[in-house]
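This report describes the fold, the strand pairing, two buried residues and the main pocket of one protein. Please consult the sequence and the structure shown below while reading.

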Amino acid sequence: TDQAGILGAVDCSAVLAAASVDLLGAGALCSFEITNALEGYPHMVVTLGNGATILPETANGPGDSVVLAENALMNADRTSYFATGSVVVTVATTALQPTAVLDGPT
C-alpha cells in the first residue's frame with residue numbers, strides 16, 4: 001500500500017469513511033506499522049479516541065464495520081486503482097490491557 005501518503009499517526013478520516021471515523025471517538029488516530037507477524041507488509045493501527053462506540057462481533061450479534069475512505073489507498077507504486085472495502089470488527093486474540101491516565105492542574 002502507499003499508506004495514503006501518511007507518515008506517523010494522523011486523523012483517521014485520511015483513510016477511513018466518515019461513518020467509521022464517527023465510531024472511533026474524538027481524536028482517534030490511524031497509522032501504519034510493519035511487523036514480522038504480517039511478513040513485512042504494513043498494517044493499519046487505529047488508536048481509539050474519547051467516546052469511542054465501535055463494537056466487535058460477539059455471539060449476540062454482528063460487530064460494527066470499518067470502511068475505507070474513497071480514493072485514499074492504492075498500491076505502493078501508485079499504479080493501481082484505489083482500494084475499496086470494509087471489515088467487520090472482531091475481538092482481538094491478544095488484547096492490550098487498558099491504562100488509566102489522569103491529568104489535572106499541578
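The report proceeds from the overall architecture to the sheet, then to selected residues, and lastly to the pocket.

**Overall architecture**

The coordinates are those of a predicted model. The protein contains 1 helix and 5 strands, and along the sequence these elements follow the pattern β-α-β-β-β-β. The chain has 106 residues, of which 20% count as buried. Its accessible surface comes to about 7,700 Å², and carbon and sulfur atoms account for 56% of that surface. Among contacts between residues at least 6 apart in sequence, 46% join residues that are at least 24 apart.

**The sheet**

An open sheet of 3 strands has the order β1-β2-β3, with antiparallel pairing. Its edge strands are β1 (10–11) and β3, each of which pairs on one side only. In general, the strands of a sheet pair through backbone hydrogen bonds, in either the parallel or the antiparallel sense.

β1 pairs with β2 (residues 29–34) over 2 bridges in the antiparallel sense. Within this pairing, Val10 stands opposite Cys30 of β2. On the other pairing, β2 and β3 run antiparallel and are joined by 6 bridges. Here the bridge partner of Leu29 is Thr47 in β3.

**Two buried residues**

Cys12 lies in the loop between β1 and α1. Is this residue buried or exposed? Cys12 has a relative accessible area of 1%, and it is therefore classed as buried, the limit being under 20%. Leaving aside neighbours within four places in sequence, Cys12 is in contact with Val21, Leu24, Ala28, Leu29, Cys30 and Val46. Two of these contact partners also appear in the strand pairing described above: Leu29 is the bridge partner of Thr47, and Cys30 stands opposite Val10.

Ser20 has its place in helix α1 (residues 18–23). With a relative accessible area of 4%, Ser20 is buried as well, because this value falls under the 20% limit. Which residues touch Ser20, once its neighbours within four places in sequence are left aside? The contacts of Ser20 are with Ser65, Val66 and Val67.

Each of these residues can also be set beside a residue remote in sequence, as the following table shows.

| Residue pair | Separation in sequence | C-alpha to C-alpha distance |
|---|---|---|
| Cys12 and Ala69 | 57 residues | 9.4 Å |
| Ser20 and Leu68 | 48 residues | 8.3 Å |

**The largest pocket**

A probe the size of a water molecule, rolled over the atoms, shows where empty space is left. In this model, the largest pocket holds about 900 Å³ of space. It is lined by 19 residues, and those closest to its centre are Val46, Leu48, Val89, Thr90 and Ala92. The elements that give two or more residues to the lining are β3 (42–47) and β5 (86–88). β3 gives the most, with 4 residues.

What is the make-up of this lining by class? It has 16 nonpolar residues, 3 polar residues and no charged residues.

**Links between the parts**

β3 connects several of these descriptions. This strand is an edge of the open sheet, is joined to β2 by 6 bridges, and gives 4 residues to the lining of the largest pocket. Val46 likewise recurs: it is among the residues closest to the pocket centre, and it is also one of the contacts of the buried Cys12.

Definitions and conventions: Residues are numbered from 1 along each chain as its sequence is written. This is a predicted model: local features need pLDDT of at least 70, side-chain atom pairs count only at pLDDT 80 or more; totals for chains, interfaces and linings use all residues. Side-chain values use heavy atoms; hydrogens and water are left out. Buried means under 20% relative accessible area, exposed over 50%, partly exposed in between (1.4 Å probe, protein chains only). Contact means heavy atoms within 4.5 Å. Accessible areas come from the Shrake-Rupley method with a 1.4 Å probe; for residues, only the protein chains shown count as cover. On a 1 Å grid over the protein atoms alone, a cavity is a set of points where a 1.4 Å probe fits but cannot get out, and a pocket is an open set with protein on both sides within 12 Å along at least five of seven lines; lining residues have an atom within 4 Å of a point. Grid points are joined across faces, edges and corners, and a volume is the space filled by probe spheres set on the points. Ala, Val, Leu, Ile, Met, Phe, Trp, Tyr, Cys and Pro count as nonpolar, Asp, Glu, Lys and Arg as charged, and the others, Gly among them, as polar. Two strands pair if DSSP finds at least two bridges between them.
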